[in-house]
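Reader: I am new to this structure and would be grateful for a short explanation of the terms used to describe it.

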Amino acid sequence: EISLMLYRILYQRHKYVSQCRCQGKKIVTAPPPPKLYPRTNIGNTLWVYLVIQKFLHGVPTNRTLKDLSLYGFSLAEGTVTGGLKIIDTLLDSLQKEIVKRCQAADLWNADETTWRVFDGGATKWWLWLIASNDAVAYILDQSRSKKVPTNFFAGSVGVLMTDRLASYKSLHDAIKKAWCWVHVRRDIFNLSLGLKKYKTWAKWWLQQIAILFAVTEQRFRLWEQNNTIGRVWDSAQIAVEQQIDRLEMRWQAELDNEKLHDDQKKILRSMKRHWAGLT
C-alpha cells in the first residue's frame, strides 16, 4: 500500500499595534514564513521533490506535473521552470565552494567520459570528474585536452590518481602522478584474449599483479587501523616492496629478450615509462 498526501498551508500573519495614546505609533506585522526565494508559493519540500524527479530520476517536468494533477494539484510548468532557473543561481556559489574545497585537497582521483550535449543537435562533449576525500567536482567541457585538468590544478599540490591519459601527464610538477595498476592489468588481460602463445606470459603477469593487490590491501587495512608502527607494519611494507622489485626485475629482463613479440614489448615499454607513477 502507498499513501501520498499533498497539502497547502495558509499563514495568517498577526499584526500588532500599541494601545496607548502616544504619538508615532506604528503597526508591526509578523514576518512571512521563510521561502526559497521571494514570491514563490511552492514550499521547500515540494521544490526538493521537483528537483529530485528531474535531476536524479530524469523525469521530464511535464510528466511530473501530470502525475501531481492525478492527486488534484495543478501547477503551471512555467512556474517550475522559472523557479529552477532561480535555484540554479542559488546553487552556483555552493558549487564554486565545493570546487575550491576539492582544489585545496592533496589527494585526488580523476576520470573523464563522453557526454552528449544537445546544442542544435547531438554533440559529443566530455564530463570530467575530480574527487578528493570529501568533495567532488564535475566539469562539462567540449575538450578532452590538457587545458581542463591544467586549469583545475593550477594552484594545487598533491597526488593525482588517474589512468594514463596524456592530458594528465602535462600537469605541473607539484602534482605527483599515481597511475592505475588496473589499466596495466587490463592491457595484459586483453592481450591474453588473443593468440594462445601469449597466455602463459600473460598468466604470470596477471598472477603477480594479483599478489601485488593482495599485499597492498593488507598494508592498507593496517593503515586504516592506525597500526603503522612496529613489526606487523614493517612486514606488510616489505611485502609490497619485494613484490614491486620482483615485477621491476621481470620487465627489465623481458625488454632485453629479442624473442619477445612487439605486442608484449609495447605493454612492457608502457610499464617502464609509467613506473615511477605506478610505484
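The exchange below takes up the overall form and then one helix.

Reader: What makes the protein more spread out than a compact globule?

Author: The model is a predicted one, and the protein has 10 helices and seven strands. Its radius of gyration is 29 Å, whereas the globule rule gives 19 Å for 279 residues; the value is well over the rule, so the protein is more spread out than a compact globule. Along the principal axes, the C-alpha atoms fill a box of roughly 105 × 50 × 45 Å.

Reader: What share of the residues counts as buried?

Author: A residue is called buried when its relative accessible area is under 20%. By that cut-off, 32% of the 279 residues are buried. The accessible surface of the protein comes to about 19900 Å², and carbon and sulfur atoms hold 54% of that area.

Reader: How do you know whether the span of helix α8 agrees or disagrees with its number of residues?

Author: Helix α8 covers residues 231–255, which is 25 residues, and at 1.5 Å a residue the expected span is 36 Å. The end C-alpha atoms of α8 are 36 Å apart, so the two values agree.

Reader: Which residues of α8 are called buried, and what covers them?

Author: Trp-233, Ala-236, Val-240, Gln-243, Ile-244, Leu-247, Trp-251, Glu-254 and Leu-255 are buried in α8. The cover over the buried residues of α8 includes the helices α6 (181–192), α7 (199–224), α9 (262–273) and α10 (275–278).

Conventions:
Residues are numbered from 1 along each chain as its sequence is written. This is a predicted model: local features need pLDDT of at least 70, side-chain atom pairs count only at pLDDT 80 or more; totals for chains, interfaces and linings use all residues. Side-chain values use heavy atoms; hydrogens and water are left out. Helices (H or I, at least four residues) and strands (E, at least two) are DSSP runs, numbered from the N terminus. The radius of gyration is taken over C-alpha atoms; the globule rule is 2.2 Å times the number of residues to the power 0.38. Buried means under 20% relative accessible area, exposed over 50%, partly exposed in between (1.4 Å probe, protein chains only). Accessible areas come from the Shrake-Rupley method with a 1.4 Å probe; for residues, only the protein chains shown count as cover. The expected span of a helix is 1.5 Å times one less than its number of residues. Contact means heavy atoms within 4.5 Å.
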